[in-house]
Amino acid sequence: NLNDCLTCLNQSGEKWKDYDFTLNLLNELMESEYSIGKFEMAFMHLEDVLENATSLDDKFTAYFYKMKTFAEEENRDYQKGIVVGLQICKMYGITIPNSPNRTDLMKENVKLEMKLRNQPLTVLSKLPRTDDSTVFRILNEVHQYATFEGNNDLAALITKRAVRFSLKKGFLSKDMVSILASHVTMLNKDISKAKLTYAYGNAAEKMSEVFGEDKGLYAEMQLVLHSGVYPLLRPHR
């Protein structure tokens, strides 16, 4: 039992003296408590990690669940989750405004075009894959919260910034695929953006194939394509 283990660790006076063991135990505990709805307990453990962990990467899981406890507890506040999530992104070198304006979106479009250098979005599928998502997990969650809040401008900006960041880092994560899939779902609502929707959908499909062993991810992508993208594009073919 993880809680019994923590109790023994506290009583022994060895807590945080064995740094790696304590960090891993608290990370497991906060995930476990969060999964069964014990948000206050999860928050207590993550605060312990944030106070004692010595690096940003070691604090990542705690920051991740801190964002989720604000956004997904009983009194869920997606806007608070967005604010906390974007603060974490800033720690990793990605600065995104909470409420982007037209100029922010225009600049991001230009920066993305420059980064792609006339290459199609499918170039992302040619990047080496990684199972270490780190900041992309945060971007994916914040993208969802923005969508729930109806903040489509923020969701669009996150998508394009995530694409640029993936190209900059030179790797592809599953969370990047999910971000694109969510963006495609949002674009589906505007028939005037059918060809743009297809471009993003095609890229997301190619990217999902990189993680072919994840049947759930591939099925999710196929559902997005066949329920929205292909019917939307058909009149334009």
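Start by selecting helix 5 (residues 78–91) and helix 7 (residues 135–148), whose axes come within 9 Å and cross at roughly 155 degrees. Helices here are DSSP runs of H or I with at least four residues, and strands are E runs of at least two, numbered from the N terminus. The axes are lines fitted to C-alpha atoms, for helices over the stretch in contact, and the angles run from 0 to 180 degrees between N-to-C directions. The crossing angle makes helix 5 roughly antiparallel to helix 7. For this label the angle must be over 145 degrees, while under 35 counts as roughly parallel, 65 to 115 as roughly perpendicular and the rest as oblique.

What you have open is a predicted model, where local features need pLDDT of at least 70, side-chain atom pairs count only at pLDDT 80 or more, and totals for chains, interfaces and linings use all residues. Residues are numbered from 1 along each chain as its sequence is written, and side-chain values use heavy atoms, with hydrogens and water left out.

Now show the side chains of this pair. Among the helix 5 residues that meet helix 7 are Tyr78, Ile82, Leu86 and Cys89, and their partners in helix 7 include Val135, Leu139, Val142 and Phe148. Contact means heavy atoms within 4.5 Å. By class, this contact has 12 nonpolar, 2 polar and no charged residues. Ala, Val, Leu, Ile, Met, Phe, Trp, Tyr, Cys and Pro count as nonpolar, Asp, Glu, Lys and Arg as charged, and the others, Gly among them, as polar.

Keep helix 7 selected and add helix 9: the axes of helix 7 and helix 9 come within 9 Å and cross at roughly 20 degrees. Helix 7 and helix 9 are therefore roughly parallel to each other. Look for Phe136, Arg137, Leu139, Asn140 and His143 in helix 7, which meet helix 9 residues including Asp175, Ile179 and His183. This contact divides into 4 nonpolar, 5 polar and 2 charged residues.

Next, travel to helix 2 (residues 19–35) and helix 3 (residues 39–52), with axes that come within 8 Å and cross at roughly 155 degrees. That makes helix 2 roughly antiparallel to helix 3. On the helix 2 side, the contact includes Leu23, Leu26, Met30 and Glu33; on the helix 3 side, look for Phe39, His45, Asp48 and Val49, among others. Count the classes in this contact and you should find 11 nonpolar, 3 polar and 2 charged residues.

For the next stop, display the largest pocket, which has a volume of about 500 Å³. Which residues are the closest to its centre? Of the 22 that line the pocket, they are Asn109, Lys160, His183, Leu196 and Tyr200. Colour helix 6 (102–116), helix 8 (152–169), helix 9 (174–187) and helix 10 (194–210), since each supplies at least two lining residues. Helix 6 gives the most, with 5 residues. The lining has 11 nonpolar, 5 polar and 6 charged residues.

Finally, zoom out. The protein has 11 helices and 0 strands, and its C-alpha atoms fill a box of roughly 70 × 40 × 35 Å, taken along the principal axes.

Key: 1 Å grid on protein atoms, 1.4 Å probe; cavity = no way out; pocket = protein on both sides within 12 Å on 5 of 7 lines; lining within 4 Å. Points joined across faces, edges and corners; volume = space filled by probe spheres on them.
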